[in-house]
Structure formats: C-alpha cells, structure tokens
Amino acid sequence: MNWRVRIGSIMIAGLTPTQAFSEPARQPQAVIYAENRPAVDVELVIAVDISYSMEMEDLAAQREGFAKAVVSEEFLRALRAGPTGKIALTYFEWSATNDQKIVVPWRQIDGPEAAKAVADELMKAPIRRGSRTSISSAIRFAMPLFGQSPYRGSRQIIDISGDGPNNTGDPVATARDAALENGIVITGLPVLINSTPNGTTDINHVDHIDWYFEDCVIGGPGAFVMPITGREDFRDAIRTKLALEVAGRTPSRSPAPVGNKEPRVLCTIGEKLWQQRWGPHSAANKDVSPPAGASKATVSPVSQDDALLNRKIKGICRGC
C-alpha cells in the first residue's frame, strides 16, 4: 500500500500485556442487541480529534497510524486470538459540539483482506479540520453508534484521541459517566506534541493532557491511555493500543482508577480557559452551555471555581 505520509519508526517499550478486560456490567436498558446479530469479540468506536489545535502533519500521521495499525501483524495476531476471531469497527472524526463525521461506518474485520479494505477506506477519505474541542460531544455521539451496529460484541470500547481539553458542550466527566453507566469502556490517545513553550499563552493546550485524559476522560474496566509524545510515535503507539484493545489487555503501566480522588488536572479547565480568554458573553463563547438551571447571563467569570483555577493554572497551563 502506497500511503502518502511517512512516519519515523519508534518502538514503544514496556507495553507487555497484563490483565484482561473483564466484561462490562451492563444496565438493563443498555441491552439493545437482537440475538441474530453476528457475534464479534469487540465493538470498537474510534473517535479522532481533528480540531485546529492539531497540525495538518499530525492529522495525516494520526490517520495513517490507524490505517497501518489495522493491517499490522500485531493487530491481526490479537484478532486471531479472540473467541470469534472477529471485531466490528467504526471510525469518526470530531471537533465542536455539532461537528462529528463518520469516515468509516461499521465494518467487520475478520482477517487481512477485511483489514486492508478498512485501511484503504481510511486513506482515501480527505483530511479535514474543525473548530473548538468537545470531547463530551464526541462521547455522546459515539454512544448510540453501538445501538446502530449490525454486530453483537461482548465488549464495547470508545477509543478517543485529543490534544486539548474539552472547552465546549457538556462537561466531559458527565459524558464519560453516562457511557460508563451503559457498560462502555473509554480508552484514550492523548497527543502531547503540540504543547506550548513556556512564556506563551495557548487556550487550546494544557500541560499533562495525559493526566487530564486519565482523570477526566477514560473509564471502565481495563481503561488506559497511550500518550503520543512525538509525530513519529503515532504509528507504533496506535498499533500497540489497538492490539491491546482487541486482545482485551492493558499496558503494564496503565493508570490506576482515580475513584474519588481529586483530578490532577481540573476537568473543566478547558471551559475555564476559554471563558478567561473570551469572556462569558462574547460571540466566541456562544458554544459553551451554562450550568443546569442557569442562563448564560448569570454565568460570572469571577467565582470560587475561577479562583481555584487560577491557583491550578500556574502548574498546569503553560503561559496562562
């Protein structure tokens, strides 16, 4: 396959498989499958950030990384090891609250030929970009896709990438919790390569976006993140991540569940930074929903939360 983007190779160390995912506990209302749907080992929704905070080269490397991952021997070996030897996959791109586009609809992958067809479909689609970052809306868009799947998987996973915090739409933790209540596991691919240098201001990026994903985005049995620290990492990190998800395993150093601990990065930091930059009444902030029971006119940038944010920002957001 002649793909237009070349990425340097880097081996990811310390990612030996460990504990397998347990089957998620499902709420009765989440049982939506017809018994005659073909069985697969995993239903995997890949949700990819295409916001303007991502460089075009990064978007191309990310797209190629997923295309090469599904045809890799590591991925196919994990596929063959499953009870059915089949998975179902769909791939969509997202940015703002109402900007989600399915690039590859539900496809069954049961071997190299089907994997190559998915990879070719991915690489033929044009690369685009969008404004704002709504991880919460991406999660809410992904959830009903499982109900639309023509396959029946014993596990359901949302694999979500991103290089910045949620800054519009519902709070990300609220969307995450809704997915977990339906037995869906969320894993993360935090992209750290566009972090801003010290002394500058960038409302789209925060230090430790990997911590933000661990504490505010991912969840469910076996949830983990696979950070991207350089453009050359996309290919190998995505390949390893998808293989682990298909095999039902986690990296040896996957993060422990946060539980009731306070997140290391404020889960509303993206919304707060956007509000500080543009103000609560500006047109640029019109995509931010106010808290339940409050109008936008009643949302004040000066609050205890903002005071807490100001203290946290000094160690979290470069240049803010």
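The following exchange concerns the sheet and the salt bridges of a predicted model.

Visitor: In what order do the five strands of the open sheet stand?

Guide: The pairing in this sheet is mixed. The edge strands, S3 (100-109) and S5 (185-190), each pair on one side only. Read from one edge to the other, the order is S3-S2-S1-S4-S5.

Visitor: Do S2 and S3 pair in the parallel or the antiparallel sense?

Guide: Strand S2 covers residues 87-94 and is joined to S3 by seven bridges. Within this pairing, isoleucine 87 has isoleucine 109 of S3 as its bridge partner. The sense of the S2 and S3 pairing is antiparallel.

Visitor: How many bridges join S4 to S5?

Guide: On one side, S4 pairs with S1 in the parallel sense over eight bridges, and alanine 47 stands opposite isoleucine 160 in S4. S4 and S5 also run parallel, with aspartate 159 opposite threonine 187 in S5. The number of bridges joining S4 to S5 is six.

Visitor: Which helix makes a right-handed β-α-β unit with S4 and S5?

Guide: Helix H6 (residues 209-217) touches S4 and S5 as it packs on the sheet. Helix H7 (residues 234-247) also packs on the sheet, touching S1, S2, S4 and S5. The right-handed β-α-β unit, however, is made by S4, S5 and helix H5 (residues 172-181).

Visitor: How many of the 11 residues of S4 are buried?

Guide: A residue counts as buried under 20% relative accessible area. S4 is mostly covered. The number of its buried residues is nine.

Visitor: Is glutamate 64, the salt-bridge partner of lysine 68, buried or exposed?

Guide: Lysine 68 and glutamate 64 both lie in helix H1 (residues 56-70), four residues apart, which is about one turn of the helix. Their closest N and O atoms are 3.6 Å apart. Lysine 68 is partly exposed, at 26% relative accessible area. Glutamate 64 has a relative accessible area of 1% and, because the cut-off is 20%, is classed as buried.

Visitor: Which parts of the chain does the salt bridge between arginine 128 and aspartate 99 tie together?

Guide: The closest N and O atoms of this pair are 2.9 Å apart. The two residues sit in separate loops, so the salt bridge ties together parts that are 29 residues apart in sequence. Those parts are the loop between helix H3 (112-124) and helix H4 (135-148), which holds arginine 128, and the loop between S2 and S3, which holds aspartate 99.

Visitor: Which residues are joined into one network with Asp99 and Arg128?

Guide: The count in this model comes to 17 salt bridges. Some of them share partners and thereby join into one network. Along with Asp99 and Arg128, that network contains Arg63 and Glu93.

Key: Residues numbered from 1 in each chain as written. Predicted model: local features only at pLDDT ≥ 70, side-chain atom pairs only at ≥ 80, totals over all residues. Heavy atoms only, no water. Pairing = 2+ DSSP bridges. Contact = heavy atoms within 4.5 Å. Axes fitted to C-alpha atoms, helices over the stretch in contact; angles between N-to-C directions. Buried < 20%, exposed > 50% of the residue type's maximum accessible area, 1.4 Å probe, protein only. Right-handed = clockwise from strand over helix to strand, strands pointing away. Salt bridge = Lys/Arg side-chain N within 4 Å of Asp/Glu carboxyl O.
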